[in-house]
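User: Please take a close look at the side-chain contacts and the lining around the largest pocket, and connect them into one account. Give the cut-off behind each term as it comes up.

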Amino acid sequence: MKIDSYHTKIENLYYKRKLNQYKLNEDQFISNLSSINLNRALNTLEFDIIHLNWISHQFVDLDVLLGLNKPIVWTLHDCWAFTGICHYFDQCTHYTESCGSCRLLNSENTKDLSHEIWRKKSRVYDGCNMQIITPSKWLRDSVAQSSLLHKKPVSVIPYPINTDIFKPIDKITARSKLGLDQNNKYVLFGAMNATTDQRKGYDYLLKAIKILLQKGKTNLQVIVFGSVNAHNESTNGYPIIYYNTIWTDSDLINFYNAVDVTVVPSLSENLSLVIMESLACSTPVVAFNVGGNTDMIDHKINGYIASNIHDDN
């Protein structure tokens, strides 16, 4: 298939109109399915292999991969490559078959847009020499179960972090730099869009705080980074300090070392850098048994794995 900029623009418009026909769930992220054409750029370069990362949402047109005739290494950071349109499949198993009747689209049509995109991916992948890399064992296992990529070789290469930077420092010093009380117990929670992205599980953290309060645990203070606005408030009787983006590694390291525990209540994860960084600073992590969390957390050794999202214990 000849792929040019005109073809890509027409296809982008087509997908935009198709997507607008569905009543989408507002709390779920769906890439807009548009892409750019890289044929001209790729044809001017000499290379032996191409390494892909996150290519959806106005990045590479999948059809371009067919014309490369080069080995492809694709490092996955979520599930989009082997589903119809979703970045995390949650409890859905359609990705193991052929997608369709997509819950993100509120669709009961087995031939809906998710199935159409699945078919396109299937056609492209069948013609590609492709090696898959996943950061977590969970994502590797998901690839192996998928109808789109289960025949492709897959290897696990975890994300690296610099443990010369993310390392334990004196807790008293870290708290002094942040202006925190030396006698308090602190719980840390943080993520991009920490309080608004439902996938990050902030509501579950608030429920846990309420349960702790009911059990008489009143000597805690919660620190949240990645919220929209920096402010302080009280929730269920607990003081919560909200920070927006933390821009420097030094500040982030101080937070990890100043607190007593980091909580990662995400409902879906690949391989959480927050978990990795906190553990590198010797601060234990509490998280659900999802994604790659058990790749890093040894239950009751360097953290705690809650086996059930609805577990009150």
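Analyst: **Salt bridges, rings and the largest pocket**

R103 and D90 form a salt bridge in which the closest N and O atoms are 2.9 Å apart, a salt bridge being a side-chain nitrogen of Lys or Arg within 4 Å of a carboxyl oxygen of Asp or Glu. The pair links distant parts of the chain, 13 residues apart, with both R103 and D90 in the loop between β4 (72-75) and α4 (113-126); helices (H or I, at least four residues) and strands (E, at least two) are DSSP runs numbered from the N terminus.

This is a predicted model, in which local features need pLDDT of at least 70 and side-chain atom pairs count only at pLDDT 80 or more, whereas totals for chains, interfaces and linings use all residues. Residues are numbered from 1 along each chain as its sequence is written, and side-chain values use heavy atoms, with hydrogens and water left out.

R103, at 33% relative accessibility, counts as partly exposed, and so does D90 at 27%; buried means under 20% relative accessible area, exposed over 50% and partly exposed in between, with a 1.4 Å probe and protein chains only. The structure holds eight salt bridges. Another of them joins R175 to D260, with the closest N and O atoms 3.0 Å apart. It spans 85 residues, from R175 in helix α6 to D260 in the loop between α8 and β11. Here R175 is buried, at a relative accessible area of 3%, while D260 is partly exposed at 27%. R140 pairs with D141 at 3.1 Å between the closest N and O atoms, and D63, K120 and R123 are linked in a network of salt bridges.

The rings come next, with eleven aromatic pairs found in the whole structure. One of these, Y88 with W138, is stacked, at 6.4 Å centre to centre and 15 degrees between the planes; rings of Phe, Tyr and Trp (its six-membered ring) pair if their centres lie within 6.5 Å, and planes under 30 degrees apart count as stacked, over 60 as edge-to-face and the rest as tilted. Because Y88 lies in the loop between β4 and α4 and W138 in helix α5 (residues 137-145), the pair ties together parts that are 50 residues apart in sequence. Y88 counts as buried at 14% relative accessibility, whereas W138 is partly exposed at 22%. Ring pairs also link F82, Y88, F89, Y95 and W138 into a cluster.

Y88 leads on to the largest pocket, where Y88, R199, K200, S268 and E269 lie nearest the centre among 50 lining residues. A pocket, on a 1 Å grid over the protein atoms alone, is an open set of points where a 1.4 Å probe fits, with protein on both sides within 12 Å along at least five of seven lines, and lining residues have an atom within 4 Å of a point. To this lining β7 (185-190), α8 (249-258) and α9 (273-280) each supply at least two residues, and α9 gives the most, with three.

Of these elements, α8 is mostly covered, with seven of its ten residues buried, including F255 and Y256. The buried residues of α8 pack against α6 (171-178), β7, β8 (220-225), β10 (238-243), β11 (261-264) and α9, contact meaning heavy atoms within 4.5 Å.
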